[in-house]
Amino acid sequence: MTRMFVDAWDPAYGASFSGGEADGPASPSSAQVDTDVEVPAAQWAPIDVPRGIRCPDVVLLVDGVRRNDAGLWTAEEDGTSYPGLAASYAAGVVRCDLRNGVAELAGARVSRGLFTASPSAGELVAGSVRYEIHRVSGTGEASKLPAAVQAPLTALEIDVSAAARDHGSDGADLLVVDGPLRNRRQLPRTIGYVKTQQKQYLSAALTQVVTSLRAGQRTPVFHLGTVWGGWSWYLRLPGTSGAPWAGIVRVECSPDLTADQAVELAGLSVATLPRFASSSYKDPRAPQNLVPIAGLERRLRGMLGDVRFLHRALTMATARGR
């Protein structure tokens, strides 16, 4: 008889994994995967928190949010027209002092940009708000403009992360990036936290190790030969429904590290991340949406301002320009 499970995530946020069945991600990855990094693939088994491991005194969690404020069109002198996107985005860092049980906002910044392929467009001033010009390559189709916001948002996350570490870091902290590391892999003592599983990287036999994890356990470290590359592992957070992939997250660290350094970070992550797991009665994306990240997202969205006000200001600014 087929067993069924209700995904704990609110359907408005999609699913905790992208697949058609309850057995996990359905889309296989074409990446070259080395599963013999920590132990030979034939010896894969769930790994508990190492004995004697000490969590860092300080954990920094960074995240960013973005919002499309308005779509625009340009009218060029030669009669051509280009689509544009006015977007707001923000990044921030939560500093969690585990030794003293205190969490605080360590820094946050808001930026706004006008994204377009128009060769003549400049920055756009809407009242007291300034949208810096970001010229995209190619023809700049409207459907591709939202993706162009990711690069400056990532740069903003790197800036606020570095600033937070410059003020009060003693070199013994851990930085958790919400999402894949990508071009943030140069940040020291940093792990990427991937809470939605979209690709299947492991064989069926090793996937069974993933789904057999108990709360607070992880898989051995493996290496991904993707464009960004890197060391990776899965772990399961507490407070799940019992579904095969419930509470499973993938964690990654920089390919510039040695295998031993990656294994050390993996042990640190499985000792640290479960402490921040959210509860289903508080968060529609529990347990993967970590409590400090959820609070940071709410704070950052509030900092973006009233989208209705901004849309009206943009409409008036472009009307004056005409």
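**Around strand β9**

Student: Which residue of β9 does Val176 stand opposite?
Tutor: Keep in mind that this is a predicted model. Strand β8 covers residues 174-178, and it pairs with β9 in the parallel sense over 4 bridges. Within β9, the residue opposite Val176 is Ile191.

Student: In which sense do β9 and strand β13 pair?
Tutor: β13 spans residues 248-253, and 3 bridges link it with β9. One bridge joins Gly192 to Glu252 in β13. Unlike the parallel pairing of β8 with β9, the sense for β9 and β13 is antiparallel.

Student: How many of the residues of β9 are buried?
Tutor: Let's go face by face. In a regular strand, side chains alternate between the two faces of the sheet. In β9, Thr190, Gly192 and Val194 lie on one side, with Ile191 and Tyr193 on the other, and both faces are covered. The strand is largely enclosed by the rest of the structure because the buried count is 5 of the 5.

Student: Thr190 is in β9. Why does Thr190 count as buried?
Tutor: The cut-off for buried is under 20% relative accessible area. Not counting residues up to four places away in sequence, Thr190 touches several residues, including Arg165, Leu175, Val177 and Leu265. Thr190 falls under that cut-off, so it counts as buried, because its relative accessibility is 3%.

Student: What lies 2.8 Å from a polar atom of the Thr190 side chain?
Tutor: There are two backbone oxygens to look at here. The one from Leu187 lies 3.2 Å from a polar atom of the Thr190 side chain. The partner at 2.8 Å is the backbone oxygen of Pro188.

Student: And Glu252, is it buried or exposed?
Tutor: Glu252 is found in strand β13. Leaving aside neighbours within four places in sequence, its contacts include Thr190, Ile191 and Gly192, along with Trp231 and Trp233. With a relative accessible area of 9%, Glu252 is buried.

Student: Which residue's backbone nitrogen does the side chain of Glu252 reach at 2.7 Å?
Tutor: Pro180, Leu181 and Arg182 are among the residues in contact with Glu252. One of them also touches Thr190. The backbone nitrogen reached at 2.7 Å belongs to Leu181.

Student: Zooming out, what percentage of the residues of the chain count as buried?
Tutor: The chain's secondary structure comes to 6 helices and 13 strands. It exposes about 16,100 Å², with carbon and sulfur atoms supplying 51% of that. Of the 322 residues, the share counted as buried is 47%.

Definitions and conventions: Residues are numbered from 1 along each chain as its sequence is written. This is a predicted model: local features need pLDDT of at least 70, side-chain atom pairs count only at pLDDT 80 or more; totals for chains, interfaces and linings use all residues. Side-chain values use heavy atoms; hydrogens and water are left out. Helices (H or I, at least four residues) and strands (E, at least two) are DSSP runs, numbered from the N terminus. Buried means under 20% relative accessible area, exposed over 50%, partly exposed in between (1.4 Å probe, protein chains only). A polar contact is a pair of N or O atoms within 3.5 Å; within protein, one must be able to donate a hydrogen and the other to accept it, and residues adjacent in sequence count only if both atoms are side-chain atoms. Contact means heavy atoms within 4.5 Å. Two strands pair if DSSP finds at least two bridges between them. Accessible areas come from the Shrake-Rupley method with a 1.4 Å probe; for residues, only the protein chains shown count as cover.
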